Amino acid sequence: MLFLEYVISGLLSGSAYSLVAIGFTLIFGVLNRLNIAHGATIMVSAFAGAYVSIRLGGAESYAILLLSFSIAVVAGAVLGFLVWATAFAPLSNAAPLAPFITSAALAIVLEETVVVLSRSVPGLLPEFSPFPTPLENLVFFVGPILVRGVHVVIFVVALLLMLSLQWWILRSRTGRAIRAVEENPTAAWLLGINVRRVEIMVFVVASAIAGASGALIGAASGTVNAFMGADLLLTTFVIVVVAGLGSLTGAMVCGLLVGVIETTVVGLVSASAKEAVLFVILFAVLVFRPEGLMTATRFKRD
Amino acid sequence: MIKGISNSNAGIAVYNYLAELEKAGDPIVVHSSSVGTPGITKLSEFAFRNSFIESDALVALTKEAHARTGMKTAAFFVVTDNPYYATMANDVIRPTLEELGVEVVAVAEAVTSDTAFAPHANAMRKADPDVIYLMAPSLTSLNFLKEVKRRQVAPDLFIGNVSLFTTEMVEAGGDAVEGIVVASAYDPSAPTIAKFAAEYADRHGQDINVFSVTGYEAGYLIAEAIEKSGIANTPETLKEDRVKFRDALAATTIRSPTGEDVSFDADRNTPKTGMALVIKGGEFIPWVADTN
């Protein structure tokens, strides 16, 4: 029974990883570049949502929670555009590693800015700040198993977002343009696709998802802190590599899988073994299936 | 002076480096206002600290808790990626519990970056201890506490560590942190501390915590020692100056923001009596008989 509880708990908490990984891998799929500022985008968006909730007293109100969530999504989208404009757009012809460095630098700038703001903005606190929501203590039992309401919300939102993204990418005109840029940006440009516009669109959508992740993760723990995104990024990186860089379905499935692995390892072995197990899996995937578990053979980009 | 490092891992590393410098014949005075690891200043005669050394206070607090609750069983929630907390649990609290005849029935291990605590809370629910010790940083402890409260784990008492003595704990913790007892270097309701807190808030725009108090103490100690040391402060006299400064610091006494006089003992620590505080109604108040 305990094992079943760990599996369910892991699936639900893993959906937060899935949300983060979906945004992260979407940007890689189109730009073929890693956005290290994705974690910082999650964190800043979470702070934006938390601040609204603190100022409006959102501990008991679902309307304020919805407003906080919306603000976080918008903050993520705006910040995503700014990250693209500062860390990626000026380096479109530079070496692939260059945006990795600039986005990492931007992440540090964002984290330190939030650290400074946390000390001076009324309502925020230096070490960590509250994110009051009615979801925090919402629990129910499935038989003897305790389930947190916020985890169910995250699971449902992650599932809806993934299905919407799949539809958008597979069925819409913009989605076709995204897939064309993903496969071969030069050919897409020759066919009249505005590659830059596609890149901006992908950044804004992926970062809006990061905003949603930030708000939900903050609501789940009831707190936000300046380094919450950085803590998530390493696990997210393992997820997208194991799934296959650029695979949305893979990010979703592997996010859930990692949640289950983490929870069961902590419950049955020890907390310190958790990361070791993840990295053993990463190592095995890189050795035996370097393209990832859930991708077909990828086209080589220009 | 170790400035800007409040992480015990990093602080311990600095003291170990000092010990290496002393072996090489080139030691420099190291002073910390936050490192709390028991016995760390014995590494070098140039090692000082005015940290609140929690180990003594936790032993006293454990004995007090035993007397007041009659606890027979205890459990630890402990992070393993910071040796300070494991040291406090295994080398300080466990022997005291053994001495008191209290059985340790569960140890739930975590790492600082953990955010999900269902397995840890389940371990506590299964063991059903009389007292749970929180040997983890504030955010990790808070998230664990919220999970055990959701799962209706209700020991007679939660005993925390000094890193839980922060404004964040009460403001972000809400009901989850009510009734937690921590050891503190000072009484936050004392008039001297209230005055210091007001001045600190004016200057820094923040509430004080244990490190603000020991940080200011450290500044006063060092400033006083520099004035009294008679150092020449030239490249030629550097080695001699370091010895003079060490001796001056060892002999320095200052008035702390707590109102107490602070000076170093033979091991270059500044022993402080400490006191137990409990979170009640969203604030830290002295843990006295009527606040059970």
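Chain B and chain A bury about 2300 Å² between them, with 56% of that area on carbon and sulfur atoms, in what is a predicted model. The contact draws 27 residues from chain B and 29 residues from chain A. Within chain B, aromatic pairs connect parts that lie apart in sequence, among them the pair of F77(B) and F144(B) and the pair of F196(B) and Y216(B).

**Interface of chain B and chain A**

- Four salt bridges are found across the interface of chain B and chain A, and one pairs E136(A) with K146(B), whose closest N and O atoms are 2.7 Å apart.
- The count of residue pairs in polar contact between chain B and chain A, both at pLDDT 80 or more, is seven.
- On the side of chain B that touches chain A, at least two residues each come from β4 (103-110), α4 (118-127), α5 (138-150) and α6 (167-173) of chain B, and the largest share, seven residues, is supplied by α5(B).
- By residue class, that side of chain B divides into eight nonpolar, 10 polar and nine charged residues.

**Aromatic pairs**

- Over all chains, the count comes to 14 aromatic pairs, including F77(B) and F144(B), which are stacked at 3.9 Å centre to centre with 0° between the planes.
- Because F77(B) lies in strand β3 (residues 73-79) and F144(B) in helix α5 of chain B, their pair ties together parts that are 67 residues apart in sequence; both F77(B) and F144(B) are buried.
- The rings of F196(B) and Y216(B) form an edge-to-face pair, since their centres are 5.2 Å apart and their planes stand at 80°, and this pair links helix α7 with helix α8 of chain B across 20 residues.
- F196(B) is buried at a relative accessible area of 7%, whereas Y216(B), at 21%, is partly exposed.
- Ring pairs join F196(B), Y200(B), Y216(B) and Y220(B) into a cluster.

**Helices α7 and α8 of chain B**

- H204(B) belongs to helix α7 (residues 191-204) of chain B and counts as partly exposed, with a relative accessibility of 36%.
- The side chain of H204(B) makes a polar contact of 3.0 Å with the side chain of Y216(B), the residue that also pairs with F196(B).
- The C-alpha atoms of H204(B) and L145(B), which are 59 residues apart along the chain, are separated by 30 Å.
- S229(B) lies in helix α8 (residues 210-229) of chain B and is buried, its relative accessible area being 11%.
- Leaving aside residues up to four places away in sequence, S229(B) touches K244(B), F245(B) and A248(B).

Conventions
Residues are numbered from 1 along each chain as its sequence is written. Chains are lettered from A and ligands numbered from 1 in the order in which they are written. This is a predicted model: local features need pLDDT of at least 70, side-chain atom pairs count only at pLDDT 80 or more; totals for chains, interfaces and linings use all residues. Side-chain values use heavy atoms; hydrogens and water are left out. Helices (H or I, at least four residues) and strands (E, at least two) are DSSP runs, numbered from the N terminus. Buried means under 20% relative accessible area, exposed over 50%, partly exposed in between (1.4 Å probe, protein chains only). Contact means heavy atoms within 4.5 Å. A polar contact is a pair of N or O atoms within 3.5 Å; within protein, one must be able to donate a hydrogen and the other to accept it, and residues adjacent in sequence count only if both atoms are side-chain atoms. Buried area is the accessible area (1.4 Å probe) that two parts lose on being put together, summed over both. A salt bridge is a side-chain nitrogen of Lys or Arg within 4 Å of a carboxyl oxygen of Asp or Glu. Ala, Val, Leu, Ile, Met, Phe, Trp, Tyr, Cys and Pro count as nonpolar, Asp, Glu, Lys and Arg as charged, and the others, Gly among them, as polar. Rings of Phe, Tyr and Trp (its six-membered ring) pair if their centres lie within 6.5 Å; planes under 30 degrees apart count as stacked, over 60 as edge-to-face and the rest as tilted.
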